[in-house]
Amino acid sequence: MKLDLSTLTIDEKIALLVGRDVWHTETASGKLPSLTLNDGPSGLRQVVDKNDPAAHPKSIKQDRGTASATAMPTLSALSCTWNPELAFLDGQVIADDCIERNADVLLAPGVNIKRTPVCGRNFEYLSEDPYLAGEMAKSFINGVQSSGVGTSLKHFCLNNIEVDRLFNSSEADERTVREIYLPAFEKALEAKPWTVMCAYNQINGIWASENRKYLKSILREELGFDGLIMSDWGATHDAPRALKATLDLTMPHSSRHLKELREAYNRGEITEGEIDERVEKLLELIEKCKNADKKVKRTKEERHAAAVKIAEEAIVLLKNDNNTLPIRDKRLMVIGEMARNPSLGGGGSSFVYTAHNFEPLENLIKQNLCEDTEFISATDAYSPEVSVSRYNGLSALCYRAMEAESVILCIGNNDLVEIEGVDRSTIKLSQNHEKLILTLAKANPKLIVILYTGSAIDMSVWKDSVAAIVQAGFGGEGISEALANVLTGKVSPSGKLTESYPMCLEDNPTVATRPSVICKALSKLQNSSADKYTEGVFVGYRYYDTTDTDVLFPFGHGLSYADFRYTGLTILQNGDTDFTVSLTVTNTSDIPAKETVQLYVSDIISTVERPDKELKGFAKIDLAPGESKQISMNLDYRSFAFYNVSLGDWHVENGDFDILVGASSRDIRLKGRIRIALPREKQYTVAK
Ligand code: BGC
């Protein structure tokens, strides 16, 4: 039975508004169970006492004092599967680890939009596109919560850079917020996450933690969230003000905030009624956690197998000249430390320690290929960075590489380059890495580069010199097995990018318009903490496609070993603004493969400036050789609407819209046109 508020003293109630320590809620003098809140999006990260047997040994990475867990792909990799079923599976796997370690609420997922490629936390987020981010997050939440573990949808909202994240004010106009930064939250809220975490930054000049408009009017009243809102760790500035904005819980423990709350209550600035409303949310959460049907669904081996499965679909084949992949050669060489010790994720609160023992990639490749495959070895093959700094070393490596028919180079960013709290200053690989790629490519033109990164990379210097590029992403503990399966053709790659890869950083509108985004020093010089979202709704492909800016790889891009034919587009009108878009996809090759079909809508003429096209649907299908499948995707009012600031509502203007079906935002295969003719009372602007 739920604990009655009347059994708690006012002191106990105030104490419940602030965490007990870093990871737990208060107990009201032992009357309530304490909840455990743990990170995070790519696996359970539970900080434990060094003497706890679960604390991992100082083996693979340095000891970070966390219990070992299944390291799942980061959300940046998960989203590249474009497969909501895998997001659900991912959530369930992480929940299993939570149940075993008594974690009640998982501090994930993060649905902040990848506004700029330099954001240090892009690897923790799903996409530059709100529709895709929302759909994937919704499934992830459903997965976690179906196992009886709560989630925390974060960071609400407009938390899109790391530099100065504790001070920034994200300044965006209403339409931009509504069209780009809120929809992923809105969609994810359909899964009813048990909690939401507010962001560190200010939103248009008011801290997210104290922002009544955002927390109360938008999140609770408009979007209908009725769970607990917690602060990000240290995001509360003035606890009584935060309480007035309906923030329920300040994390972690802070005696300053407790004191502020007690004093504000004594002065009559906050009432017992207001405190009760907030405490009620914690009691409801405790109730949910207590009554949850927590059953571990998978063994540790099954969880690892799920990690491999998700990683397989997350791998994106970016380039594959002359069908270099899958591997057919017999004399191979594998180079790069990540072939043995892959980067699993970026740094910070989402870092997961896994006890998994990594088999070297070449051994895994060998298992999938015939016996007579030969691997060429070399000193420094697994620490090529060392070779770059020693000229002789590099030439020795190249000499060996020349003997191979093809060379697989595993390279990328580690958790110090992509890390919470710091934005990248460049989106290129390090100079050493670039030099290594270019030198090896000269020695062996059949160079296959495997990239372990959590966000966009500028490859312009070396892209044309290599034969194939595989984006492994931060694929979690299953990445090496997944790569071996993809490289050898056991599985055809089916991942697609969920963010655009620009030709260079300067092509990104956030950088073009505001250099301080990438440079803390500059922002200090300008004596401003305002981060102006002057690009408006033109984020990612919405900008590049509208301005016809060339990109290295477009949003939605990803190659397959198979070929697909898209035919027979039909658009059925079911209502004024409701349509069903159907088409047939045929696998014209002789291998089984999956394809992600993307549905974009383009408003031909509008009274406000709109992006060239916007993603409004997608479907991932599995096709046997030669098989055809018909797929259908629905469009509704929101698919055609922009946010009309004067109306304070979504608005569809009458007129023609292009319906674009493609394999990426720049590879539109089928095109149709529909006309919307709403009655006069639903139109407010001049008819087109
Ligand atoms: C991060 C959150 C995280 C929290 C707890 C904060 O610094 O922004 O995403 O959940 O720490 O580790």
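Modeller: An axis here is a line fitted to C-alpha atoms, for a helix over the stretch in contact, and angles run from 0 to 180 degrees between N-to-C directions. The model is predicted, so that local features need pLDDT of at least 70 and side-chain atom pairs count only at pLDDT 80 or more, while totals for chains, interfaces and linings use all residues. Residues are numbered from 1 along each chain as its sequence is written, and side-chain values use heavy atoms, with hydrogens and water left out.

Colleague: At roughly what angle do the axes of α3 and helix α4 cross?

Modeller: Helices (H or I, at least four residues) and strands (E, at least two) are DSSP runs, numbered from the N terminus. The crossing of α3 past α4 is right-handed, a label given when the near helix is turned clockwise from the far one by less than a right angle, whereas anticlockwise would be left-handed. The axes of α3 and α4 (residues 130-146) come within 7 Å and cross at an angle of roughly 35 degrees.

Colleague: How do the residues of the contact of α3 with α4 divide by polarity?

Modeller: Contact means heavy atoms within 4.5 Å, and among the residues that make it are Phe88 and Ile94 of α3 and Met136 and Phe140 of α4. In this classification Ala, Val, Leu, Ile, Met, Phe, Trp, Tyr, Cys and Pro are nonpolar, Asp, Glu, Lys and Arg are charged, and the others, Gly among them, are polar. The residues of this contact divide into eight nonpolar, six polar and one charged.

Colleague: Which helix gives the most to the largest nonpolar core?

Modeller: A nonpolar core is a set of buried Ala, Val, Leu, Ile, Met, Phe, Trp, Tyr and Cys residues joined through side-chain atoms within 4.5 Å, where buried means under 20% relative accessible area, exposed over 50% and partly exposed in between, with a 1.4 Å probe and protein chains only. The largest core has 110 residues, and those with the most contacts inside it are Leu37, Phe140, Phe156, Leu158 and Trp233. With eight residues, the greatest contribution to this core comes from helix α3 (residues 84-100).

Colleague: How many residues are in the second, separate core?

Modeller: Its members include Met459, Val470, Val486 and Leu487. This second core, separate from the one described above, has a residue count of 66.

Colleague: Which strands are the edge strands of the open sheet with parallel pairing?

Modeller: Two strands pair if DSSP finds at least two bridges between them, and here five strands follow the order β1-β2-β3-β5-β8 with parallel pairing. Each edge strand pairs on one side only, and the edge strands are β1 (37-38) and β8 (228-230).

Colleague: Which residue in β2 stands opposite Leu37?

Modeller: β1 and β2 (residues 105-106) run parallel and are joined by two bridges. Opposite Leu37 in β2 stands Val105.

Colleague: Why is one side of β18 and of β22 left without a neighbour in the sheet?

Modeller: These strands belong to an open sheet with the order β18-β19-β22 and antiparallel pairing. One side of β18 (564-573) and of β22 (628-635) has no neighbour in the sheet because both strands stand at the edges, each with a single partner strand.

Colleague: How many residues lie between β25 and β26 in their hairpin?

Modeller: β25 (residues 655-664) and β26 (residues 667-676) pair in the antiparallel sense over nine bridges, with Gly655 standing opposite Ile676. The hairpin that β25 and β26 form has between its strands a number of residues equal to two.

Colleague: What is omega for the peptide bond that joins Met251 and Pro252?

Modeller: Most peptide bonds are trans. Pro252 is placed in the loop between α8 (239-244) and α9 (255-266), and Trp233 is in contact with both Met251 and Pro252. The bond that joins Met251 and Pro252 is cis, with omega at about -10 degrees.

Colleague: Is Asp380 buried or exposed?

Modeller: Most residues other than glycine have a negative phi. Asp380, in the loop between β11 (374-375) and α13 (384-389), has a positive phi near 75 degrees. Its relative accessibility is 15%, so Asp380 counts as buried.

Colleague: Is Ser29 buried or exposed?

Modeller: Ser29 lies in the loop between α1 (10-16) and β1, and its phi is positive, near 55 degrees. With a relative accessible area of 61%, Ser29 is exposed.

Definitions and conventions: Lists of a residue's contacts leave out its neighbours within four places in sequence.
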